[in-house]
Every structure is written in structure tokens, then in C-alpha cells.
Amino acid sequence: MTKFKTIQYKFNNFPKLNILGLSKDELYQKLFDLKIHKKELAMRVQQLFSWIHVHGKLNFDEMTNLSKEFRLLMSEHFSITRPEIIKKQISQDGTRKYLFKSSDYGEFETVFIPENERGTICISSQIGCTLNCTFCHTGTQKLVRNLEPHEIVGQISAVKDDLSDWDVRNKTLKRVVSNIVVMGMGEPLFNFENMKKSLKIIMSNDGLSISRKKITLSTSGIVPYIHRVSSEIGCLLAISLHGTTNEIRNNLVPINKKWNLEELMATLKSYPNLSNSERITFEYVMLKKVNDTIDDAKRLVKLIKNIPAKINLIPFNPWPGSNYQTSEPDTVKIFANYIQKAGYSSPIRKPRGIDIMAACGQLKSDSINNSVKKKLEI
Ligand code: SAH
Ligand code: SF4
């Protein structure tokens, strides 16, 4: 009883570390600090990773191949906490949108997109965004903060809870969640270290084991970090291009004023490990009378010359207060045909979850920056 009281006291005063956001190396070090015998360390890390990321356990008590003593030690020092789902919407097409509340401050959104051959989770990297791309709903929300690794990994764990996608005993059954895209709220390369750590946890063979080729990170073009996606993370890269001259792109993706098209394309031409099996995806939102003419298509093909690439054409998804219109379907087809004839795959992305505002660029939460909040309270 005394022991129990001591533990409670300790719990209440020191928030426990959320184990969801720990890499294998960090967990190894933590267990070492807790005086776990050196010989046992690698095995314990592997067992914990499996219980947490393969079986989705929320409680150390359920980890039956670990001794009682070790489970107690774990629960004294760590928690296994997902962000809380405060709203869930299911679209007519099966797309699910989740609004999460963090155990720290703020709310953020995650989308699950079911398809015949795969199931993709679109995760957020930040709450809000510092960039103000003029066609993007998230861009109208000021940056609140970067998401932490336990919140990035936690988005996937919570969606897998909701889909009952853990611990498939029947090995012939496919996992529901097969792919990850970092295309939700925020600019992932402005949260590089947390993204890198989280994606490594997600890729780990002892854990979720989602292959690097099933993960795509999208950036608006933060040039100094682009090569590091290949050399330090290894997942696939998507670039939000959207404009083929500096003038057009400055208006649509204002970060272009800092790193312009010449710098961006030079960086991509020297991107490590480019090949036909590891192409760069260019995302191109089709905006009526802004960037959808045949001259735009010609410039696009010139820009990406010699880069193994695929171009995703995204019909603009409107949101309340947006100033753009979606290009006419025929215009999109003519644009796509030109690019295809030049030898590039150019699928037209079908909007998913549009009835629940879950499509590309429609995400936004009501969270505001703490300092902004304080000002409002005064
Ligand atoms: N911040 C990163 C990750 C977000 S990805 C980035 O910009 O790349 C979201 C993708 O949807 C980006 O390509 C973005 O440009 C695109 N997008 C944003 N708003 C959109 C809208 N209203 N309609 C269609 N696509 C949009
Ligand atoms: Fe931020 Fe990407 Fe939206 Fe631009 S498109 S405002 S970078 S989330």
C-alpha cells in the first residue's frame, strides 16, 4: 500500500514520457538508465516495440511475455497515449476525417483514405502552417506549434484503433493501413527532426514496418532540407509546384520568394537516388485561368526535363472564403494529355472526402497560437 502511494505521488508530479514517440535508440538508452541488464536491452526494446506498434497495446499489463516487475517499472516511467479523437466524420466515399486534441495544447486533423488496393493515412506535421499558400485552407490558420513525435506516430495508432487494424492473426488478411502521406496540416520540413524520428519509428521492422516506398512526404519547397529527405529519412518525395514561372508561383506559394523555381529545380535535379522506381511526384493544383493553360503545361514539361517524375494534377478543392475556382474538366484533360505525351504519368487526382472537407488543402482546426489566445483573453 505504501509502495502504491509512493508511485501515485511520483506519477502526479512527473508527467510520464509517452513511449509512442521514442525511437528504438532512445528506448534502449532509457532502459539502460533504468538499470536494465545490458544483455537484455535489445530484446526488451524489440518486445516493447512489437507490443506497442504491432499489437497496438495501450497498457503495459497486457504485455504478457514481460515479467510483472518489468511491466510495473515501465508503467512507472512511461505512458502509451494517443491524441484524443474529439470528432470523427465519415464521407459518403468512405474517407474518414479525425479531429484530434493533444494531451498538450492544440487540435489537428488526420484523414484516412480507403482505396481498392490500399489504405492511406494522411498525417499532419504541424498545427496550422507558417506559409500562406493562397489556395490552401490550412494556410489561413496561423502556426500554433510543431507536432511532437508521439503526436505524429499517435495519429496512426489512433486511426488503427478506430479501424481495428492491429495484430492481424490471420496472415492472409491484408492490413487496412498500408500507406502514409505527409500531406495534412503544416509544412513537414519546418518540423524536420520530429518528422524524421516519427517516420523512422513508423518504418521500423520491429514495429509498424511500413516500407519507405509506401511513405510520401510533401513539401512546398524548403530547399535546404530537400536532400535530407532522401539521405536521412529515405521515404518518397512530393513537391507542391503549382506554378511554372516565378511570377505565378510567388502568388500561389509565397515561399517561392525565398527559394525560387531556379533554386528548387536545381536542388531536385541533383536529388540523391533518383530513378524510375523512385520518381519525384509533382503536385499541381488546377486553378481556373491561373495556371491551367497549354503554355503552363509546356513550361512544366521544360522545368522537369531530365527528372524522373510523376505529375499529380489536383482539381482545386474549394473552401469557405477561397478566391479560386476549379479548372474545367476539359481543360484539365487537355493539360494532362500534353504532359502524358511528353512521357510523364499525369493522373488527375479524384477528390476524396469532399463532403466532409477532408480533401487536399481543406484541413483546418480552430486552434490558435497561445500568444494570440492570451491576447484575445485580455
Ligand atoms: N505543406 C505541405 C504538405 C501539405 S500537402 C505542402 O504544401 O506540400 C497538401 C497538398 O494539397 C499540397 O500539394 C497543397 O499544395 C495541396 N493543396 C492545398 N490546398 C489545396 C486545395 N484547396 N485544393 C487542392 N489542393 C490543395
Ligand atoms: Fe502550408 Fe502546404 Fe497549405 Fe502551403 S499548401 S499553406 S505549405 S499546408
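Strand S10 (215-219) and strand S12 (280-286) each contribute at least two residues to the shell around ligand 1. The model in which these elements appear is a predicted one, and its two ligands provide a convenient route through it.

The surroundings of ligand 1 comprise 19 residues, of which Gly 186, Ser 218, Ser 240, His 242 and Asn 317 come nearest. Sorted by class, this shell holds eight nonpolar, nine polar and two charged residues.

Several side chains approach oxygen atoms of the ligand. In the side chain of Ser 218, an N or O atom is 2.6 Å from an oxygen atom of ligand 1. For Ser 240, the distance from a side-chain N or O atom to an oxygen atom of ligand 1 is likewise given as 2.6 Å. Glu 283 places a polar side-chain atom 3.2 Å from an oxygen atom of ligand 1. Of the 530 Å² of accessible area that ligand 1 has on its own, the protein covers 94%. The space that ligand 1 takes up is the largest cavity.

Attention may now turn to ligand 2. Around ligand 2 stand Cys 129, Leu 131, Cys 133, Cys 136, Gly 139, Gly 186 and Ser 220. The shell around ligand 2 divides into four nonpolar residues, three polar residues and no charged ones. The space taken by ligand 2 is, once again, the largest cavity.

Gly 186 connects the two descriptions: this residue is among those that come nearest to ligand 1, and Gly 186 is also one of the residues around ligand 2.

Terms used: Residues numbered from 1 in each chain as written. Chains lettered and ligands numbered in written order. Predicted model: local features only at pLDDT ≥ 70, side-chain atom pairs only at ≥ 80, totals over all residues. Heavy atoms only, no water. Near = heavy atom within 4 Å. Polar contact = N/O pair within 3.5 Å; in protein donor to acceptor, adjacent residues only side chain to side chain. Areas by Shrake-Rupley, 256 points an atom, 1.4 Å probe, with all protein chains shown as cover. 1 Å grid on protein atoms, 1.4 Å probe; cavity = no way out; pocket = protein on both sides within 12 Å on 5 of 7 lines; lining within 4 Å. Sits in = over half its atoms within 2 Å of the grid points. Helix = DSSP H or I, 4+ residues; strand = E, 2+ residues; numbered from the N terminus. Nonpolar A, V, L, I, M, F, W, Y, C, P; charged D, E, K, R; others polar.
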